[in-house]
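Me: Please take a close look at one part of this model for me: its interior. I would like one connected account, with the cut-offs given as you go.

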Amino acid sequence: MLEHKGIAYRLVRLTTGVHPLLLRAHRFAGNRTPIRTVDGATHRQLALLDRLGTVPALRLGAERIQTNRAIARFLERLQPQPALFPAEPERRREVEDAERWADDVLQMAARRVALATPLQTMTRQGADGRLGPLLSRSGVMRALLSHTTPKPFRAGSRNLDALLTAIPPMLDRVDAYIGDGVLCGGELNVADFAIAPSLALLCYRPELSAEISRRPAGALVDRLLPEP
Ligand SMILES: N[C@@H](CCC(=O)N[C@@H](CS)C(=O)NCC(=O)O)C(=O)O
């Protein structure tokens with residue numbers, strides 16, 4: 001979103017796992033109320049992690065902003081053009097609905113599928129892809145982190161089938177948004193930026209990558225996060 005608006009920035013990478021503590025060191029406050037749910041419900045362990053602090057986190061001067069949605073609105077106020085939110089109220093409502101669904105439902109679904117997928121079965125073992133290396137640039141750390149998934153994200157083998165079954169209807173929804181012009185139009189909007197990363201994460205599973213490529217959703221993820 002920063003690049004889309006042409007705002008210069010410095011990227012600070014925080015080590016996965018200890019990043020909530022590092023955020024505190026950078027004087028970010030953490031999220032007072034839970035921002036993530038699993039299957040529509042908050043979870044004690046997840047709520048604790050949310051309270052500790054989540055990325056993405058953005059600092060400008062003394063202002064510190066966290067969560068995708070707050071960051072998008074902050075950037076829109078900071079520099080209105082190119083707009084992330086459509087001016088026409090009905091279209092804006094549709095885009096914000098898609099953004100909320102991406103944040104509340106799709107992101108967690110994609111994350112749980114990815115965390116339940118053994119690294120060896122991922123394209124390039126998760127060492128590279130549309131989102132770069134997953135979890136860590138170090139292979140040893142990646143393997144370690146993939147085995148220490150917090151409980152609420154974990155999926156047993158039966159559960160993985162359920163998680164995978166839920167994906168095609170979500171891809172249908174993305175395709176429908178694209179068909180309706182809510183996503184992937186002439187001007188990219190906040191929902192495009194909310195949805196593409198989760199599609200990109202799913203693409204680390206070869207069969208889902210093939211499925212997404214066959215769909216309109218493939219054009220969205222290729223446009224924002226192409227295969228390296
Ligand atoms: N949709 C959320 C995503 C936040 C999120 O889930 N961040 C994760 C990394 S992708 C995090 O920092 N988790 C902290 C932890 O689990 O310890 C947002 O708007 O910021």
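Reply: Buried residues make up 41% of the 228 residues in the chain. Buried here means under 20% relative accessible area, while exposed means over 50% and partly exposed lies in between, with a 1.4 Å probe and protein chains only. Please keep in mind that this is a predicted model, in which local features need pLDDT of at least 70 and side-chain atom pairs count only at pLDDT 80 or more, whereas totals for chains, interfaces and linings use all residues. Residues are numbered from 1 along each chain as its sequence is written, and side-chain values use heavy atoms, leaving out hydrogens and water.

Let me set the frame before going inside. The chain has eleven helices and two strands; these are DSSP runs numbered from the N terminus, with helices being H or I over at least four residues and strands E over at least two. In sequence order the pattern reads α-α-α-β-β-α-α-α-α-α-α-α-α. The radius of gyration is 17 Å, close to the 17 Å of the globule rule for 228 residues, so the chain is as compact as a globular protein of that length. That radius is taken over C-alpha atoms, and the rule is 2.2 Å times the number of residues to the power 0.38. Along the principal axes, the C-alpha atoms fill a box of roughly 45 × 45 × 35 Å. Of the contacts with a separation of 6 or more, 66% join residues 24 or more positions apart; a contact means heavy atoms within 4.5 Å.

Now to the interior itself. The largest nonpolar core has 42 residues. Such a core is a set of buried Ala, Val, Leu, Ile, Met, Phe, Trp, Tyr and Cys residues joined through side-chain atoms within 4.5 Å. V174, L183, I195, L199 and L202 have the most contacts inside this core. At least two of its residues come from each of α5 (89-116), α8 (167-179), α9 (190-202), α10 (206-213) and α11 (216-224). The top contributor is α9, with ten residues.

That makes α9 a good place to linger. Twelve of its 13 residues are buried, so α9 is largely enclosed by the rest of the structure. The buried set includes the polar D192 and S198 as well as V190, F193 and L201. Packed against the buried residues of α9 are α1, α4, α5, α8, α10 and α11. I195 shows this residue by residue: beyond its neighbours within four places in sequence, it is in contact with A98, W101, A102, L106, V174, Y177, L183 and L220.

Just ahead of this helix is N189, in the loop between α8 and α9. N189 counts as buried because its relative accessibility is 7%. Leaving out residues up to four places away in sequence, N189 touches L84, V95, V182 and L183.

A second, separate core has seven residues, among them L2, I71, F74 and L75. Helix α4 (residues 68-78) has I71, A72, F74, L75 and E76 buried. The cover over these residues includes α1 (2-5), β1 (57-60), β2 (63-66), α5 and α9.

P20, in helix α2 (residues 19-25), is another buried site. P20 counts as buried because its relative accessibility is 6%. Not counting residues up to four places away in sequence, P20 touches L52 and G53. Although P20 and L52 are 32 residues apart along the chain, their C-alpha atoms are separated by 5.5 Å.

Some backbone details may interest you too. A cis peptide bond with omega about 0° joins V55 and P56, and P56 is in the loop between α3 (44-52) and β1. Another cis bond runs from Q81 to P82, with omega near -10°; P82 is in the loop between α4 and α5. In the loop between α5 and α6 (139-146) sits Q125, whose phi is near 50°, a positive value in a residue other than glycine. Q125 is partly exposed, with a relative accessible area of 46%. L135 lies in the loop between α5 and α6 as well, and has a positive phi of about 65° although it is not a glycine. At 30% relative accessibility, L135 counts as partly exposed.
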